[in-house]
Amino acid sequence: MRRRRGRRSALAGALAGLLLLGTAACSDYGGDLSGANVSGGGDGDTLVVSETAGVPSSFLAYGVSRGFFSDEGVDLRVSPSSGGASVIPALLSGDIDIAGSNVVSAMIAMGRRMPIQMVAAGTSTAEDPADDFASLVVPEDSPITSPEDLDGTRIAVNSLQNINDVVVNSVLSEAGLSNDDIRFVEMPLPDIPAAIQRGDVDAGVLIEPFASIGRSQGLRVLASPYVNTRPGLQIGTYLMTSERVADDPELVAAFRAGVERTARSVAEDPESFREALPEISDLSPELAGQMNLPVWHGRNDRESIETIHAVMVEIGLTDAELDYDSAVVD
């Protein structure tokens, strides 16, 4: 059996640096989906993973329920979180073993010399814009009919300095605009549809299940920002400390194998995953059945990570170079 050999490190300098990273929080899908609110890192073959509440957390819970992780010798405990940069301090302090975050938050942290590495891929989007699990939406009767009309508008996002900055920029750039031509307004995802309808903002970025909720309330899809940035774009990633990766590579590989088996299962039988969502989450059967699901692959996608990093540099989210081989554990 694999045993945990890494020790908790103070990492005071790294944790202090994370105070500057707090605005880079990830998308929160809403809801406590795992039923396992745990804290404190695991021992032996137990791994505590904090993943974004909602569909990402449900993905891991589904893999646990199917025995994919236990088959690999991993006792996985899933704790829902708000995601993004918010989970990195807990990872560095040893309160959790794995942090489910997003590529942008991960690379901002790495650019600030946080000792973390990407060990497996989280959510990705589809190849087809119609299947994107993110939508840039406007009111049905809005005069905004194309990205060119976004000049000078207010766009609601759930967090700043995050994947939103990257993907909205990709939509704007094709219209000859940039993020400097719009104003991001930060608010919780569940509040965005109503804010758009009231006219508090002109548009908003919604992810599932809020994208389906927004469409059902009459919001119109202007663009599919994830697919627009790159078809199949990887959004999420699982992080571990560099110390833990070096100390226990077998356990890292076992976790990744469980993620890959879960990803294959969802890809081969998405309906079974949809049917399980109401049982392992607070999603209604109706929403679970109609919303666009993320895509999971298990292994990190180099082209996605390099694409996102290039945009981050372009819009000033980081000035650090990407050392892919050091950042990603394959």
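In this predicted model, helix α2 lies across strands β1, β2 and β11 (236-241) and runs at about 160° to β2. An angle over 145° counts as roughly antiparallel, so α2 is roughly antiparallel to β2.

The strands beneath this description belong to an open sheet of five, arranged in the order β2-β1-β3-β11-β4 with mixed pairing. Strands of a sheet pair through backbone hydrogen bonds, in either a parallel or an antiparallel manner. The edges of the sheet are formed by β2 (75-81) and β4 (116-121), each of which pairs on one side only. Ignoring direction, neighbouring strands are turned against each other by 30° on average. Strand β1 (residues 46-52) runs parallel to β2, and seven bridges join the two. One of the residues involved is Val-48, whose bridge partner in β2 is Arg-77.

Besides the strands, α2 packs against two helices. With helix α11 (residues 249-268), α2 (residues 55-65) makes an angle of about 100°, and the two axes are 9 Å apart. The two helices are therefore roughly perpendicular. On the α2 side the contact is made by Phe-59, Leu-60, Tyr-62 and Gly-63, and on the α11 side by Val-259, Thr-262, Ala-263, Ser-265 and Val-266. Six of the residues in this contact are nonpolar and three are polar, while none is charged.

The second partner is helix α12 (residues 270-280), which packs with α2 at an angle of about 105°, the axes being 10 Å apart. Helix α2 is therefore roughly perpendicular to α12 as well. Here Val-55, Ser-58, Phe-59, Ala-61 and Tyr-62 of α2 meet Ser-272, Phe-273, Ala-276, Leu-277 and Ile-280 of α12. This contact consists of eight nonpolar and two polar residues, again with no charged residue. Phe-59 and Tyr-62 take part in the contact with α11 and also in the contact with α12.

Nine of the eleven residues of α2 are buried, so the helix is largely enclosed by the rest of the structure. The buried residues are Val-55, Pro-56, Ser-57, Ser-58, Phe-59, Leu-60, Ala-61, Tyr-62 and Gly-63. Just after the helix, Gly-67 takes a positive phi of about 80°.

The nonpolar interior was examined next. In soluble globular proteins, nonpolar side chains tend to be buried together. The largest nonpolar core of the model has 48 residues, of which Ile-116, Met-118, Leu-239 and Ile-308 touch the most other members. Helix α5 (residues 103-111) gives the most to this core, contributing seven residues. Leaving aside residues up to four places away in sequence, Leu-239 touches Ile-88, Leu-91, Asp-97, Ile-98, Ala-99, Ser-101, Ala-106, Met-110, Ile-116, Gln-117 and Met-118. Another core, of 35 residues, lies apart from the largest one and includes Leu-47, Ala-263, Val-266 and Phe-273. Of these, Ala-263 and Val-266 also belong to the contact of α11 with α2, and Phe-273 to the contact of α12 with α2.

Not every nonpolar residue of α11 is enclosed. Ala-267 is placed in this helix, yet its relative accessible area is 58%, and because a value over 50% counts as exposed, Ala-267 is exposed. Ala-267 and His-297 are 30 residues apart in sequence, and their C-alpha atoms are 8.6 Å apart in space.

Terms used:
Residues are numbered from 1 along each chain as its sequence is written. This is a predicted model: local features need pLDDT of at least 70, side-chain atom pairs count only at pLDDT 80 or more; totals for chains, interfaces and linings use all residues. Side-chain values use heavy atoms; hydrogens and water are left out. Axes are lines fitted to C-alpha atoms, for helices over the stretch in contact, and angles run from 0 to 180 degrees between N-to-C directions. Helices (H or I, at least four residues) and strands (E, at least two) are DSSP runs, numbered from the N terminus. Angles under 35 degrees count as roughly parallel, over 145 as roughly antiparallel, 65 to 115 as roughly perpendicular and the rest as oblique. Contact means heavy atoms within 4.5 Å. Ala, Val, Leu, Ile, Met, Phe, Trp, Tyr, Cys and Pro count as nonpolar, Asp, Glu, Lys and Arg as charged, and the others, Gly among them, as polar. Two strands pair if DSSP finds at least two bridges between them. A nonpolar core is a set of buried Ala, Val, Leu, Ile, Met, Phe, Trp, Tyr and Cys residues joined through side-chain atoms within 4.5 Å. Buried means under 20% relative accessible area, exposed over 50%, partly exposed in between (1.4 Å probe, protein chains only).
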